[in-house]
There are 2 protein chains.
Amino acid sequence: MTTKSTTSRVVIVGAGFGGLSAAKALANTSADVMVIDRNNYHGFWPLLYQVATAGLEPDAIAHPTRAIFSQYANVNFRMATVTNIDFDQKLVLTDNAPVPYDYLILAAGSTTHFFGNDKLAAITYTLKDLSDAELLRQRVLCCFEQASHTPDPQQRRELMTFVLVGGGPTGVELAGALSELFRHVLRNDYPELDVNDARVILIEGLDSLLPVFPQNLGRDAQQRLEHMGVEVRLNVLVTDANERCVTLQDESTIAARTIVWTAGVRGAPLADALDVDKTKGSRVTVTSRLHLPERPAVFVIGDMANLGGYKGDTAHPMLAPVAIQQGEQAAANILAHMQGQPMSSFYYRDLGMMATIGRRAAVLTIAGVQMTGFLAWLGWLIIHLLQLVGFRNKLMVLTNWLYNYLTYDRAARIIVSRE
Amino acid sequence: MTTKSTTSRVVIVGAGFGGLSAAKALANTSADVMVIDRNNYHGFWPLLYQVATAGLEPDAIAHPTRAIFSQYANVNFRMATVTNIDFDQKLVLTDNAPVPYDYLILAAGSTTHFFGNDKLAAITYTLKDLSDAELLRQRVLCCFEQASHTPDPQQRRELMTFVLVGGGPTGVELAGALSELFRHVLRNDYPELDVNDARVILIEGLDSLLPVFPQNLGRDAQQRLEHMGVEVRLNVLVTDANERCVTLQDESTIAARTIVWTAGVRGAPLADALDVDKTKGSRVTVTSRLHLPERPAVFVIGDMANLGGYKGDTAHPMLAPVAIQQGEQAAANILAHMQGQPMSSFYYRDLGMMATIGRRAAVLTIAGVQMTGFLAWLGWLIIHLLQLVGFRNKLMVLTNWLYNYLTYDRAARIIVSRE
């Protein structure tokens with residue numbers, strides 16, 4: 001069997017963890033690679049909550065994609081929004097010119113899932129990209145500014161109450177960081193306010209925080225958060241909300257002007273547009289080799305892919321390590337196919353999970369070992385620093401972390417309004 | 001004569017160089033001080049062009065005002081937009097509750113002046129605040145992205161042509177920084193583009209760049225910019241513009257998709273609302289003691305104030321050192337008045353002027369000494385670092401400058417779109 005002499009064009013949709021990993025695995029091969037993303041940067045979303053809580057600026061966790069790919073002669077980048085795929089013509093349809101492909105890797109990630117509740121979708125804040133994080137940061141700061149000149153104590157308390165719906169890693173990390181922002185920074189900024197009026201309420205529908213973690217880690221996280229003043233409510237669902245309050249399943253209400261929704265994630269909108277088999281959560285069903293059942297040249301990876309076989313027969317979790325490993329596997333399978341070799345099935349090497357709670361506090365599980373507290377926090381810091389793309393982002397994040405840690409400050413608490 | 005026993009309330013409108021300097025001069029005195037600004041930060045505008053050219057992120061040059069004032073027990077802050085002053089009732093009218101004053105310092109700064117040309121106002125980019133800088137940065141990056149997949153060479157060149165109108169410090173510094181961004185960074189990012197197509201054209205109506213500087217410094221700046229590929233056009237005015245071209249006084253046109261207007265500055269919109277004597281450029285006429293002629297309790301300082309006596313009888317220039325010194329003088333005069341002492345006249349201690357052009361190149365004049373090139377650049381760096389408010393901003397700017405200088409990189413080249 002001979003190697004094809006013509007170059008195959010591989011198009012990768014999405015420059016997140018999955019797309020980046022696939023592109024790197026295809027760098028300096030005979031493939032002609034084009035990565036398409038609606039943003040011009042790769043976002044390191046595990047630190048997004050720190051942008052929302054004024055600990056980091058966007059550029060610290062965003063790396064320009066062109067700076068990454070300009071190192072590889074065979075990888076190009078195009079900033080565009082992909083609207084659909086024409087599988088028969090082998091065309092990626094975008095808001096601009098269509099892009100032809102021989103092989104396709106769909107790695108468009110995920111978006112917030114409101115389970116059909118449009119009212120919640122319209123009213124709540126989310127935390128899925130830089131624009132969300134900046135909006136939430138501004139919201140928090142504006143609520144304190146408004147509270148500072150609001151004479152009515154009830155209205156003031158409503159402005160200073162923040163309800164986070166969803167006790168997964170995002171909700172837990174955001175709750176801890178908000179609590180620290182209030183208690184260490186805004187307490188000094190607003191001498192006219194009683195910061196004890198500021199409440200962070202974390203609501204989870206299941207009976208434990210961090211439900212996908214081992215249960216004692218969820219309990220540890222809860223204790224630490226409560227120690228920091230966060231109110232944790234388990235076993236309760238949010239059914240309704242308006243500008244001034246949240247309604248729970250038991251018909252009780254919480255008066256709050258800001259609700260953050262981190263309770264659900266679904267496949268990217270692109271998945272909805274595709275005429276393929278998918279789950280209710282818009283994750284596209286793939287074979288064990290990560291391609292569409294009838295189309296061996298079209299791969300779907302990461303949050304967007306529905307692949308069973310994780311801990312029995314559940315779908316793989318929406319985690320960065322899954323996306324990264326699937327990106328490598330999809331790239332390997334494409335290279336194999338180009339050379340007439342058989343593809344391999346994907347097996348996930350579980351690298352564990354972790355969540356940070358605050359200063360010197362985190363929970364993590366790696367290779368069966370569970371850790372909490374200071375050591376877990378140190379592990380969390382080091383792993384995240386190492387994972388950040390590029391020397392400059394590592395430098396900026398480390399500088400900011402050192403500064404924030406030593407001074408208890410969060411310097412990025414500026415409100416940049418745009419007309 | 002005895003000191004009054006009741007506390008006088010001093011309201012300062014604006015937390016720029018002038019307002020900040022006045023507030024600090026009044027800190028820890030018997031005055032009850034309230035600073036009002038529409039933003040929650042003090043912006044260090046001399047470095048704004050570096051935010052626009054992706055060298056710095058906003059938080060590096062913005063310092064939260066509450067962090068500054070929380071150090072002083074007698075200084076409070078309110079975020080609000082001041083719409084007018086009721087001089088008879090002694091009330092500052094805002095978009096929120098009115099604020100009463102005994103003494104008032106108006107330091108609301110300046111805004112872009114289009115000399116009545118609404119078409120230019122609608123079509124051009126400006127560089128007066130963080131939101132302007134972020135918009136311009138995104139515009140530059142989006143133009144390159146669009147050019148990268150535009151097949152028509154004429155359209156591509158239009159997208160990559162940037163016309164800057166106004167050869168003052170802002171125009172000169174922006175021209176140099178844009179040229180470096182194109183030649184050192186975007187050249188690598190866009191291998192599909194010929195970066196020699198990218199043009200920066202700097203237009204000045206007078207016969208020299210930096211017209212308020214000594215003339216040989218303007219000539220030096222021009223030579224250095226031209227050496228970096230910037231096209232400088234002197235003695236010509238822009239008369240019209242549309243989405244695709246700029247029309248000059250001599251009826252010639254330049255095909256360009258982006259025009260930046262730095263050719264005029266006028267007093268803040270608040271000045272227009274006030275029923276007081278002012279210049280065509282909305283600068284409010286004050287006495288030599290910096291207060292309104294008929295109202296000794298109302299001071300106007302900085303860009304907003306019209307005070308003659310600079311180098312003969314011209315108005316004082318719109319420079320940070322003028323605002324800072326006037327803030328100190330206004331505060332001193334208020335304290336004197338509170339104690340029944342006479343006020344003093346303002347005299348400007350001229351600290352010189354400077355503008356940076358690019359790597360290792362600047363022009364400056366201090367105390368009659370003129371410098372150009374590397375030494376001037378070093379002086380510029382040191383003076384700006386020292387002037388930045390707060391340790392953290394100094395640290396961030398220094399870290400970024402070192403990184404940018406050593407790597408020729410501009411890492412903040414990310415486009416954060418907002419819905």
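This tour goes from the whole assembly to single residues, naming at each stop what to select in the viewer.

**The two chains together**

Begin with both chains displayed, bearing in mind that this is a predicted model. Chain A can be superposed on chain B by a rotation of 180 degrees with 0.0 Å of shift along the axis, and the RMSD of that superposition is 0.0 Å. The two copies are thus related as by a two-fold rotation axis. To find where chain A approaches this axis, select A:Glu57, whose C-alpha is the nearest to it in that chain, at 3.6 Å. If you then colour the interface, you will find that 100% of the interface residues of chain A are also interface residues in chain B, so the copies meet through the same surface.

**Chain A as a whole**

Hide chain B for a moment and show chain A as a cartoon, in which 13 helices and 25 strands can be traced. Its radius of gyration is 22 Å, close to the 22 Å that the globule rule gives for 419 residues, so chain A is as compact as a globular protein of that length. Along the principal axes, its C-alpha atoms fill a box of roughly 75 × 50 × 45 Å. Of the 419 residues in chain A, 58% are buried. When contacts between residues at least 6 apart in sequence are considered in this chain, 63% of them join residues at least 24 apart.

**The nonpolar core**

Which residues have the most contacts inside the largest nonpolar core? Bring chain B back and select A:Phe182, B:Phe144 and B:Phe182, which hold that place in a core of 258 residues. Centre the view on A:Phe182 and show its surroundings: leaving out residues up to four places away in sequence, A:Phe182 touches A:Val140, A:Phe144, A:Phe162, A:Arg187, A:Val195, A:Ala198, A:Arg199 and A:Val200.

**A parallel sheet in chain B**

Now move to chain B and select the four strands that form an open sheet in the order S13-S12-S11-S17, with parallel pairing. The edges of this sheet are strand S13 (231–233) and strand S17 (258–261), each of which pairs on one side only. Neighbouring strands here are turned against each other by 20 degrees on average, direction ignored. Helix H8 (residues 169–189) of chain B packs on the sheet and touches S11, S12 and S17, while its direction makes about 170 degrees with that of S12(B).

Within the sheet, look at strand S11 (residues 161–165) and strand S12 (residues 199–203) of chain B, which are paired in the parallel sense over five bridges. B:Val163 is a useful marker for this pair, since B:Ile201 of S12(B) stands opposite B:Val163.

**An antiparallel sheet in chain B**

Staying in chain B, select the three strands in the order S6-S7-S8, which form an open sheet with antiparallel pairing. Strand S6 (82–86) and strand S8 (99–100) are its edge strands. Strand S7 (residues 91–94) runs antiparallel to S8(B) and is joined to that strand by two bridges. B:Val92 has B:Val99 in S8(B) as its bridge partner.

**A hairpin and the loop after it in chain A**

Return to chain A and select strand S14 (residues 238–241) with strand S15 (residues 245–248), an antiparallel pair held over three bridges. The two strands form a hairpin with three residues between them, and A:Asp240 is matched by A:Thr247 in S15(A) as its bridge partner. Next select A:Glu251, which lies in the loop between S15 and strand S16 (253–255). A:Glu251 has a positive phi of about 70 degrees although it is not a glycine, and its relative accessibility of 69% makes this residue exposed.

**Two buried residues to finish**

Select A:Leu210, in the loop between strand S12 (199–203) and helix H9 (215–227) of chain A. A:Leu210 is not a glycine, yet it has a positive phi of about 45 degrees. Is A:Leu210 buried or exposed? A:Leu210 is buried, with a relative accessible area of 1%.

The last stop is A:Gly18 in helix H1 (residues 17–26) of chain A, a residue that counts as buried at 6% relative accessibility. Apart from its neighbours within four places in sequence, A:Gly18 is in contact with A:Ala107, A:Ile301, A:Ala323, A:Ile324 and A:Gly327. A distance label between the C-alpha atoms of A:Gly18 and A:Glu328, which are 310 residues apart along the chain, should read 8.1 Å.

Terms used
Residues numbered from 1 in each chain as written. Chains lettered and ligands numbered in written order. Predicted model: local features only at pLDDT ≥ 70, side-chain atom pairs only at ≥ 80, totals over all residues. Heavy atoms only, no water. Pairing = 2+ DSSP bridges. Axes fitted to C-alpha atoms, helices over the stretch in contact; angles between N-to-C directions. Contact = heavy atoms within 4.5 Å. Least-squares fit on C-alpha atoms with pLDDT ≥ 70 in both. Core = buried A, V, L, I, M, F, W, Y, C linked by side-chain atoms within 4.5 Å. Buried < 20%, exposed > 50% of the residue type's maximum accessible area, 1.4 Å probe, protein only. Rg over C-alpha atoms; globule rule 2.2 N^0.38 Å.
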